[in-house]
Amino acid sequence: MRIGAGAGGHQRQMKALLLWQIHKAPARFGELKRLVPDISEKMLIQQLREMEADGIVHREIFPEVPPRVEYSITEFGIELDNALIPLARWGKQHAGRTDGVRPGKANASVPHAL
(Lines give C-alpha, C1' and ligand atoms only; values in the text may rest on other atoms or scores of the structure.)
Protein backbone atom coordinates (compact mmCIF):
# COMPACT_ATOMS: atom_id res chain seq x y z
CA MET A 1 0.00 0.00 0.00
CA ARG A 2 1.37 3.38 -0.94
CA ILE A 3 1.52 5.75 1.99
CA GLY A 4 3.21 9.11 1.51
CA ALA A 5 5.70 10.47 4.00
CA GLY A 6 3.21 13.06 5.22
CA ALA A 7 0.30 10.64 5.49
CA GLY A 8 -1.02 10.01 8.95
CA GLY A 9 -2.12 6.88 10.70
CA HIS A 10 -5.73 7.72 9.83
CA GLN A 11 -5.14 6.92 6.12
CA ARG A 12 -3.41 3.65 6.98
CA GLN A 13 -6.26 2.74 9.29
CA MET A 14 -8.82 3.49 6.57
CA LYS A 15 -6.99 1.29 4.07
CA ALA A 16 -6.85 -1.55 6.60
CA LEU A 17 -10.59 -1.18 7.30
CA LEU A 18 -11.39 -1.14 3.58
CA LEU A 19 -9.19 -4.18 2.99
CA TRP A 20 -10.92 -6.04 5.80
CA GLN A 21 -14.37 -5.23 4.41
CA ILE A 22 -13.44 -6.22 0.85
CA HIS A 23 -11.78 -9.42 2.11
CA LYS A 24 -15.04 -10.53 3.73
CA ALA A 25 -16.95 -10.12 0.44
CA PRO A 26 -16.77 -8.08 -2.78
CA ALA A 27 -18.42 -4.71 -2.25
CA ARG A 28 -19.75 -1.75 -4.17
CA PHE A 29 -18.70 1.83 -3.45
CA GLY A 30 -21.90 2.68 -1.57
CA GLU A 31 -21.61 -0.43 0.60
CA LEU A 32 -18.05 0.50 1.55
CA LYS A 33 -19.16 4.04 2.38
CA ARG A 34 -21.81 2.65 4.74
CA LEU A 35 -19.46 0.07 6.28
CA VAL A 36 -16.74 2.69 6.94
CA PRO A 37 -18.82 5.77 7.80
CA ASP A 38 -15.91 7.90 9.07
CA ILE A 39 -14.37 8.13 5.60
CA SER A 40 -15.26 10.95 3.22
CA GLU A 41 -16.30 10.16 -0.34
CA LYS A 42 -13.14 11.84 -1.67
CA MET A 43 -10.90 9.83 0.66
CA LEU A 44 -12.71 6.58 -0.19
CA ILE A 45 -12.19 7.18 -3.91
CA GLN A 46 -8.50 8.00 -3.34
CA GLN A 47 -7.87 4.97 -1.12
CA LEU A 48 -9.61 2.56 -3.52
CA ARG A 49 -7.66 3.96 -6.49
CA GLU A 50 -4.35 3.56 -4.65
CA MET A 51 -5.22 0.03 -3.54
CA GLU A 52 -6.20 -0.86 -7.11
CA ALA A 53 -2.96 0.63 -8.49
CA ASP A 54 -0.99 -1.38 -5.93
CA GLY A 55 -2.72 -4.61 -6.98
CA ILE A 56 -4.47 -5.08 -3.63
CA VAL A 57 -8.04 -4.79 -4.91
CA HIS A 58 -9.65 -5.47 -8.26
CA ARG A 59 -12.21 -3.04 -9.66
CA GLU A 60 -14.77 -4.62 -11.97
CA ILE A 61 -17.24 -2.61 -14.04
CA PHE A 62 -20.35 -4.53 -15.05
CA PRO A 63 -21.94 -3.58 -18.41
CA GLU A 64 -25.30 -2.60 -16.97
CA VAL A 65 -27.39 0.54 -16.95
CA PRO A 66 -26.56 2.23 -14.68
CA PRO A 67 -23.03 0.80 -14.55
CA ARG A 68 -22.26 -1.31 -11.48
CA VAL A 69 -18.74 -1.24 -10.05
CA GLU A 70 -17.59 -3.85 -7.56
CA TYR A 71 -14.35 -4.08 -5.59
CA SER A 72 -12.85 -7.44 -4.66
CA ILE A 73 -9.61 -8.53 -3.05
CA THR A 74 -6.75 -9.90 -5.16
CA GLU A 75 -4.39 -12.74 -4.19
CA PHE A 76 -1.81 -10.08 -3.29
CA GLY A 77 -4.43 -8.34 -1.13
CA ILE A 78 -5.22 -11.61 0.64
CA GLU A 79 -1.52 -12.03 1.46
CA LEU A 80 -1.41 -8.49 2.86
CA ASP A 81 -4.60 -8.98 4.86
CA ASN A 82 -3.23 -12.21 6.34
CA ALA A 83 -0.01 -10.41 7.27
CA LEU A 84 -2.01 -7.71 9.09
CA ILE A 85 -4.02 -10.17 11.22
CA PRO A 86 -1.27 -10.65 13.88
CA LEU A 87 -0.80 -6.87 14.06
CA ALA A 88 -4.54 -6.36 14.60
CA ARG A 89 -4.54 -9.06 17.28
CA TRP A 90 -1.59 -7.37 19.01
CA GLY A 91 -3.36 -4.01 18.85
CA LYS A 92 -6.48 -5.43 20.50
CA GLN A 93 -4.41 -7.04 23.27
CA HIS A 94 -2.52 -3.82 24.02
CA ALA A 95 -5.13 -1.15 23.24
CA GLY A 96 -5.55 -0.05 26.86
CA ARG A 97 -1.83 0.08 27.49
CA THR A 98 -1.09 2.85 24.98
CA ASP A 99 -4.28 4.95 25.23
CA GLY A 100 -3.33 8.58 25.70
CA VAL A 101 0.42 7.96 25.90
CA ARG A 102 2.41 9.96 23.38
CA PRO A 103 6.13 10.67 22.95
CA GLY A 104 7.19 13.72 24.92
CA LYS A 105 4.50 13.35 27.59
CA ALA A 106 5.63 12.51 31.07
CA ASN A 107 4.42 9.03 31.98
CA ALA A 108 7.08 6.90 33.59
CA SER A 109 4.77 3.94 34.16
CA VAL A 110 4.44 3.08 30.45
CA PRO A 111 7.62 2.58 28.38
CA HIS A 112 7.59 3.99 24.86
CA ALA A 113 8.01 0.87 22.69
CA LEU A 114 7.60 2.29 19.21
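**Close-up 1. Salt bridge between Arg68 and Glu64 in the predicted model.** The side chains of Arg68 and Glu64 meet at an N to O distance of 3.1 Å. Glu64 has a relative accessible area of 37% and is therefore classed as partly exposed. Arg68 lies within strand S3, which runs over residues 68–73.

**Close-up 2. Salt bridge between Glu70 and Arg68.** The closest N and O atoms of Glu70 and Arg68 are 3.5 Å apart. With a relative accessible area of 21%, Glu70 counts as partly exposed, because buried residues must fall under 20%. Salt bridges with shared partners join Glu64, Arg68 and Glu70 into one network.

**Close-up 3. Salt bridge between Glu50 and Lys15.** In this pair the closest N and O atoms are 2.5 Å apart. The bridge links distant parts of the chain: Lys15 belongs to helix H1 (residues 9–24) and Glu50 to helix H3 (residues 41–53), with the two positions 35 residues apart in sequence numbering. Both Lys15 and Glu50 are buried. The structure holds three salt bridges, one of them being this pair of Glu50 and Lys15.

**Close-up 4. Surroundings of Ser72 in strand S3.** Ser72 sits in strand S3, residues 68–73. Its relative accessible area is 19%, so Ser72 is classed as buried, the cut-off being under 20%. Leaving aside residues up to four places away in sequence, Ser72 touches Ile22, Pro26, Ile56, Val57 and His58.

Methods:
Residues are numbered from 1 along each chain as its sequence is written. This is a predicted model: local features need pLDDT of at least 70, side-chain atom pairs count only at pLDDT 80 or more; totals for chains, interfaces and linings use all residues. Side-chain values use heavy atoms; hydrogens and water are left out. Helices (H or I, at least four residues) and strands (E, at least two) are DSSP runs, numbered from the N terminus. Buried means under 20% relative accessible area, exposed over 50%, partly exposed in between (1.4 Å probe, protein chains only). Contact means heavy atoms within 4.5 Å. A salt bridge is a side-chain nitrogen of Lys or Arg within 4 Å of a carboxyl oxygen of Asp or Glu.
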